Amino acid sequence: MIITNTPPLSVYFPGKLVFANGSLADLPAEIINTGCNNAFIITIEPLLAVLQQFVEQLRANNISVSINTKIQQEPSFTDFENLLSEAKKNAPDLIIGIGGGSVLDVAKLVAAQLDNDQSINEIVGSGFLKGRSKKLICVPATSGTGSEVSPNAILVDDSDGQKKGIISPYLVPDIVYVDPLLTISVPPSITAATGLDALTHCMEAYTNKFAHPFIDVYALEGMRLIAANLVQAVKNGEDENARYQVAMGSLLGGFCLGPVNTAGVHALSYPLGSTFHLAHGLSNALLLPYVMAYNMVEAPERYANVALALGCTKGANDCETAKKGIEKIKELITECKVIARLRDLDIPQSAIPIMAKDALKIQRLLKNNPRHISEEDAIDIYNEAY
């Protein structure tokens with residue numbers, strides 16, 4: 001695929017990124033050095049025991065700490081507004097998100113909206129957020145979304161049940177600490193789904209209509225690391241090396257999201273999350289091989305390179321190699337024990353036309369897809385995945 005539509009490259013990196021096993025232990029000193037007085041931590045209950053010493057160190061240094069654990073699933077506008085109201089009562093000067101993608105997305109938005117007179121509806125879309133005045137630190141506890149380094153946040157709009165994206169450079173954190181050891185307690189099913197989500201970020205960036213050579217470097221290496229280590233991380237969650245490599249792949253996938261972003265897989269997965277409340281990573285895994293097969297004819301060379309990054313050997317030509325990549329993805333899904341068919345999730349086939357209509361609303365992602373997806377095409381892809 002000759003790249004002719006590449007827009008000017010804009011990359012927004014965190015002010016500081018620390019990636020190391022055990023790096024969470026160094027974060028209190030980092031926070032103390034910021035001079036902040038009042039921290040608001042958004043996290044999940046299963047992490048409270050792990051974070052106990054972290055919180056005690058902050059309090060021992062006269063930093064007030066409030067903790068919120070109310071984000072338990074993909075958050076809605078209402079969930080966010082309720083949490084923002086609680087944060088305002090605490091008047092923090094530092095927001096810390098420690099958790100999976102939903103927790104990090106909400107932390108990013110809380111930091112942006114605490115002193116902002118814009119409503120959440122006014123900032124939906126790309127580039128509408130005016131700024132952020134609160135310091136923001138993000139610590140991922142899963143290897144999947146890449147939210148810790150992306151300018152994206154996703155919420156479900158209560159009014160229509162649709163996922164809405166807020167994209168802004170102001171959502172990129174000031175400081176990011178990635179400690180792969182935090183992911184060791186993540187169950188196999190979540191490890192698998194989030195890992196496949198990260199793999200999809202890399203793949204959709206590399207095969208994107210607006211792919212960029214700078215981002216290709218992250219995308220190819222991310223795919224290589226995840227494909228080579230995800231099965232081991234799922235089967236033996238205590239394997240620190242596998243956890244480290246998948247966490248690095250996830251981080252690289254996060255770097256792909258701002259400058260290039262995702263495409264057809266994510267667009268078609270959104271209705272599965274909003275209508276049937278499937279986990280985001282699982283939704284992507286269900287559709288990934290079938291969108292690959294649909295797109296392959298438009299960009300055989302790119303999909304051949306994907307196959308090589310996944311560990312496949314070359315075929316007789318690009319199409320043969322690309323097909324090996326699709327089979328490799330199906331093998332990964334099987335080895336990770338991820339549900340592979342829509343019919344196995346009690347999703348009625350009669351819902352497919354409605355899902356296709358909803359997917360077609362996600363033009364901000366569909367415009368990136370290397371091959372145009374019509375409503376009829378979306379129906380065909382869902383049926384293939386059924």
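## Helix H13

In helix H13 (residues 352-359; helices are DSSP runs of H or I of at least four residues, numbered from the N terminus), the buried residues are Ile352, Met355, Ala356, Asp358 and Ala359, buried meaning under 20% relative accessible area with a 1.4 Å probe, protein chains only. Viewed along the axis of H13, these residues fall within an arc of 165°, so they line one face of the helix; the arc is that of the directions from the helix axis to the C-beta atoms. Their cover includes helix H9 (264-276), helix H14 (363-366) and helix H15 (375-385).

This is a predicted model, in which local features need pLDDT of at least 70 and side-chain atom pairs pLDDT 80 or more, while totals for chains, interfaces and linings use all residues. Residues are numbered from 1 along each chain, and side-chain values use heavy atoms, without hydrogens and water.

## H10 against H15

The axes of helix H10 (residues 280-296) and H15 come within 9 Å and cross at roughly 125°. H10 and H15 are therefore oblique to each other (neither under 35 degrees, nor over 145, nor 65 to 115).

Leu286, Leu287, Tyr290, Val291 and Tyr294 of H10 meet Asp377, Ile381, Tyr382, Glu384 and Ala385 of H15, contact being heavy atoms within 4.5 Å. The contact residues comprise eight nonpolar, no polar and two charged.

## Positive phi in a loop

His277 is not a glycine, yet its phi is positive, about 55°. His277 sits in the loop between H9 and H10 and is exposed, with a relative accessible area of 66% (exposed is over 50%).

Key. Helices (H or I, at least four residues) and strands (E, at least two) are DSSP runs, numbered from the N terminus. Axes are lines fitted to C-alpha atoms, for helices over the stretch in contact, and angles run from 0 to 180 degrees between N-to-C directions. Ala, Val, Leu, Ile, Met, Phe, Trp, Tyr, Cys and Pro count as nonpolar, Asp, Glu, Lys and Arg as charged, and the others, Gly among them, as polar.
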